[in-house]
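Please walk me through this structure. Start with how its helices pack, then turn to the interfaces and the unusual backbone spots.

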Amino acid sequence: MDSIRKRARELLEKNTVKVVIGYGVGSDNTVRAIFVRRPEGVEELIFDETCVQNLAVYLLKNEIKQIGKLCIIANISALRTILQLASEHQIHEEELLCLSVTPNGELLEFTGFKDIENYISSCNRDLPDKESEMIKKLEKMSVDERWQFWMNHLSRCIKCYACRSACPMCYCTRCQVEYNQPQWITVEATLMGNFEWQITRTMHLAGRCVNCGECARACPEDIPINLLNYKTVLTVKEKYNISAGTNANIDSVMSSFESDDKENFIR
Amino acid sequence: MEKPRIGVYVCWCGTNIAKMVDVEAVAEEIKNVPNVVVSRNYKYMCSDPGQDMIINDIKEFKLNRIVVSACSPRIHEITFRKTLKKAELNPYLFQMANIREHDSWVHTDRAEATKKAKALVTAAINRINYHEPLKELSVDINPATLIIGGGISGITAALEIADADKKVYMIEKSNKLGGYTADIDLTYPHLSSVQQMLGPMIERMKKNKNIDLFLETEIKEITGYIGNFETIITPKNDNETKLSFGNIVVSIGLRSWDPSPLENYGYGKFPDVITSVEFEKMLLSGNIAKKDGSIPKNIAIIHCVGSRNKNYHEYCSRTCCTVALKYANQLRSAFPNASIYELFADMRTMSKGCEELYTITSRKKVVFMMFDQENDLPGIRKANINDNCEMIIELNEKRSRKFVEVPADMVILMVAMEGREMVKEVAQITGVSLDGNKLFIEKHPKLDPVATTTSGVYTVGSCQGPKSIPDSVSQARAAVARILGTIARGTAQVAGTTAHININICCGCQMCISVCPYSAISFDAEKNVSVINEILCQGCGTCVALCRPNAIDIWGCSNRQMTAELTALLLSD
Amino acid sequence: MSDFQPKIVAFVCTWCTYAGADLAGTSRIKYEPNVKIIRFPCTGRIDYMFLIKAFANGADGVIVSGCHPNDCHYVSGNFHARRRWIVFRELVDFLGMDVNRLCFSWVSAAEGAQWAKIVNSFTEEIRQLGPYKAYMELVKKDKNESVF
Ligand SMILES: Cc1cc2nc3c(=O)[nH]c(=O)nc-3n(C[C@H](O)[C@H](O)[C@H](O)COP(=O)(O)OP(=O)(O)OC[C@H]3O[C@@H](n4cnc5c(N)ncnc54)[C@H](O)[C@@H]3O)c2cc1C
Ligand code: SF4
Ligand code: SF4
Ligand code: SF4
Ligand code: SF4
Ligand code: SF4
């Protein structure tokens, strides 16, 4: 914690970066994102296992980008997000500086995307146990049971799009749900519209989701939509041996192919 | 956009459609579909009166959208687009509903077929509401032509183009020009010397400065589009060379089939059972002899070996019957006293002068016998010592219904012609489809038999279907006429059915750039968006389906059009 | 159940499967009338949204078909499509949709008989499955009946 504060202070004092995006403690005692712009502000920064939020979502926000060069205190999800966003040409090496802390408390400062790639390759990128279990459980259900499971959940969706705002990969200028030529996805929060919205969101994140869980955490209705994304994370890993956010320079799964991609259902 | 005023035309196609689809009922019912102003049914929409009807209606009723419900758009879309042009309506304000190939020809219940026709037509009408006038784009034509395959077809095309003072790149896989024609002695029906024709042509090929000849060379990849193709070749003993050209002629011919699988003919087992190609070489060398060097006294020629045979090639190889007659004549000249037998399944002597050759041959003491190709092929066995011949062919003669034993010292198998070993690769490289027999598919079997569905690529000679030398030459010249036409115009029109990006929505992820097979999309770093070069775009639509925020759509197959078609198709069902 | 006439829509590419269906026609091969074709330039163009919209508009089954691998007229459209289908199919299965109502196939311009075979067998499969009740419920609940 001290090492982070020290380094953040240096960076701000020397004007190397204009803002440090990190974790702090909010009024209600919960961990939240804070934006430190003055050296004295660094005392508010914390970093421990409660810092699960994926701060990389802020990197593409216009208000933040305008400030100037950024420093981000990145957990593994955020680091992966950075690599994925880099591969999608959304962020550039010179625009930001990443700090992180290893599980045994060592401060990491990444000099570039390559550096992050090397670190990420040694990190655990598996899905959290709880979600893995849940996916297995769902897969064991009958099709009808699964359908019922999702209908029960999706019937609560109010189309607030918090899941979209929270997701660092949902950076589109205009989301497909707002597309009206034709209006493919029902505007109102009807069950079918909610269902279609989640298919769209998941398809759009296939091969790009870094399993940070932000979408589900954001959902006011506690709908476990991250399971859908995690399911595709597994599909992509199993079929193509690719994990999103591990390489800043590769084509995404859905925009590339192998001529011998395996499947067993095409007649 | 002006309010759609749609004219709908339901074609009978004589009885082809009308027999299975109640065309009158279809035309009547769709009158109620929104925006339909005129709805008619007519015997032959593609005929001149049919097209005139559309032109008149466009003028009289101020129609601005036309739906024709008839055969496959792959056959007549171009015809009707031209009709619209004549009536000064943009040709893309048109849609076809295929109620023949996809309906009347494949269904047996008239009520069901009629119902399906209504759904297909309604869907077409619904979608055409969203059609927009599209402009066709003009591309410059590089006047050079690439020819793949230097047989008689390729040679003819090359000389013809070179004579018009245009550049030709001739790619030939083997070490010599001529293809099968270089191995033929005399050609039917007049038994004139092939080499006397071909020799001077090959000489001209070598001397013509407009022709760059690449022997023992193969094409690995071609990039680009009509007017602007490119390839990199590695000629033997030479460095990589880049070639640019505007048109392509595919003339890789066919190869002869190895008849070993037909064990009843004993090819490979009896030394004097030979193929037509082997015999032709014998004729050319001027020495017809058995393997042991002696002269054959009994010679049998067996037709349809591997052709018109369900297990090997279902099609007719077209030239073999007449070639077999040619052999009988040449054999008679060489051996006035030999016994010559023609064992045929059906005698197919199409083309000018060929039936006459049959008559002439039959007067030359040649014995013709017929066998049942489907159920009862002849078989060859070794003769006994006192048979006075090498082999005995056993056959049930079909016309006399008698079992016959034909003596033979030499048997010539008229083998089938089939796709060459590399045909799939060549098809893929040139973007032309193959049919189930590994023959190149032409753009239109009747009206456009040398062009292919890929603009700027032509297929001529036997690779398009087995054929004789004069037919191959005709096709080559036909393709050249088309090519010189395009070169003379200097430009070609390419369809305006291209993709386009809404730069207010594009978020610059550049995924579309990765998927475009034609490198038609580039990144505008200043605006931070991707942009499509509409000349390079071939309209596949892969980028459209990939773009998450739907920043991309495509003319002629837009999300609106396709959704409208889909919805109407299901709701009217 | 056996006289149930399923509604099936087929999204096909123009170069291979559409041409294959044309060949089935010119060869006068007879098959079931339930499948109706929508023609696309390439399988690469077929957005998964069209599949969803087909069910939303009452389809009981959907066919998607194009050129065999390595035979795409546009070189690689079918390869991209294949990836899309693999992911899509796994996803909708996980959501509890009945993937037996989706039929993916490669049918070339030369395979008229194969097209007829696929149409017949898939129509029969869907006939056995019956109407897609679960999805229809979903549609019924939706206020906006259709998309345009
Ligand atoms: C035994 C026999 C006798 C015949 N007799 C007669 C007759 O008397 N009269 C008549 O009219 N017709 C006759 N024919 C038919 C005649 O041979 C054909 O009409 C003619 O050969 C067709 O010419 P083509 O140029 O299309 O193909 P081909 O002659 O097959 O030439 C194709 C050329 O393409 C080359 N090639 C193949 N693949 C590639 C590749 N991947 N890249 C580059 N080059 C390639 C080949 O090496 C070859 O040189 C006979 C045929 C046979 C088999
Ligand atoms: S979909 Fe959810 S888990 Fe995946 S990257 Fe977006 S927010 Fe994170
Ligand atoms: S759901 Fe899709 S279109 Fe919408 S913001 Fe996310 S990625 Fe973009
Ligand atoms: S956050 Fe939850 S309620 Fe809001 S749109 Fe997403 S799934 Fe629906
Ligand atoms: S895929 Fe769409 S959003 Fe991405 S760069 Fe291309 S047009 Fe823009
Ligand atoms: S439609 Fe898109 S992917 Fe296809 S050729 Fe055009 S720009 Fe390229």
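H8(A) and H3(C) are oblique to each other, because their axes cross at roughly 140° and the oblique class takes what is left after three others: under 35 degrees is roughly parallel, over 145 roughly antiparallel, and 65 to 115 roughly perpendicular. The two axes come within 11 Å. Here an axis is a line fitted to C-alpha atoms, for helices over the stretch in contact, and angles run from 0 to 180 degrees between N-to-C directions. H8 covers residues 191-205 of chain A, and H3 covers residues 77-94 of chain C. Helices (H or I, at least four residues) and strands (E, at least two) are DSSP runs, numbered from the N terminus.

This is a predicted model, in which local features need pLDDT of at least 70, side-chain atom pairs count only at pLDDT 80 or more, and totals for chains, interfaces and linings use all residues. Residues are numbered from 1 along each chain as its sequence is written, chains are lettered from A and ligands numbered from 1 in the order in which they are written, and side-chain values use heavy atoms, with hydrogens and water left out.

Back to the helix pair. The crossing of H8(A) and H3(C) is right-handed; that is, the near helix is turned clockwise from the far one by less than a right angle, whereas an anticlockwise turn would be left-handed. On the H8(A) side, Ile199(A), Thr202(A) and Met203(A) make the contact. H3(C) brings Arg84(C), Val87(C), Phe88(C), Leu91(C) and Val92(C). Contact means heavy atoms within 4.5 Å. By class, 6 of the residues are nonpolar, 1 is polar and 1 is charged. Nonpolar covers Ala, Val, Leu, Ile, Met, Phe, Trp, Tyr, Cys and Pro; charged covers Asp, Glu, Lys and Arg; the others, Gly among them, are polar.

H3(C) also meets helix H10 of chain A, residues 226-240. Their axes come within 10 Å and cross at roughly 140°. H10(A) and H3(C) are therefore oblique to each other. H10(A) passes H3(C) in a right-handed crossing. Leu227(A), Lys231(A) and Tyr240(A) are among the H10(A) residues in this contact, and Arg83(C), Ile86(C) and Phe94(C) are among those of H3(C). The residues divide into 7 nonpolar, 2 polar and 4 charged.

Now widen the view to the whole interface of chains A and C. Chain A gives 47 residues to the contact and chain C gives 44. About 4,400 Å² is buried between chain A and chain C, and carbon and sulfur atoms give 67% of that. Buried area is the accessible area (1.4 Å probe) that two parts lose on being put together, summed over both. Trp184(A), Phe265(A) and Arg267(A) supply 19% of the area that chain A buries against chain C, more than any other three residues. The interface of chain A and chain C holds 6 salt bridges, each a side-chain nitrogen of Lys or Arg within 4 Å of a carboxyl oxygen of Asp or Glu. Asp261(A) pairs this way with Arg83(C), their closest N and O atoms being 2.8 Å apart.

Chain C also meets chain B. That contact takes 54 residues from chain B and 50 from chain C. The buried area is about 4,200 Å², with 61% from carbon and sulfur atoms. Between chain B and chain C the count is 2 salt bridges. Arg74(B) forms a salt bridge with Asp22(C), the closest N and O atoms being 3.2 Å apart.

Inside chain B, the axes of H5 (residues 110-128) and H15 (residues 559-571) come within 8 Å and cross at roughly 150°. That makes H5(B) roughly antiparallel to H15(B). The crossing is right-handed. The residues of this contact divide into 7 nonpolar, 3 polar and 2 charged.

Last, the backbone. Most residues other than glycine have a negative phi, and most peptide bonds are trans. The bond from Gln181(A) to Pro182(A) is cis, with omega near 5°. Pro182(A) lies in the loop between helix H7 (162-166) and H8 of chain A. The bond from Tyr188(B) to Pro189(B) is also cis, with omega near -5°. Pro189(B) sits in the loop between strands S8 (186-187) and S9 (192-193) of chain B. Asn29(A) is not a glycine, yet has a positive phi of about 70°. Asn29(A) lies in the loop between strands S1 (19-25) and S2 (31-36) of chain A.
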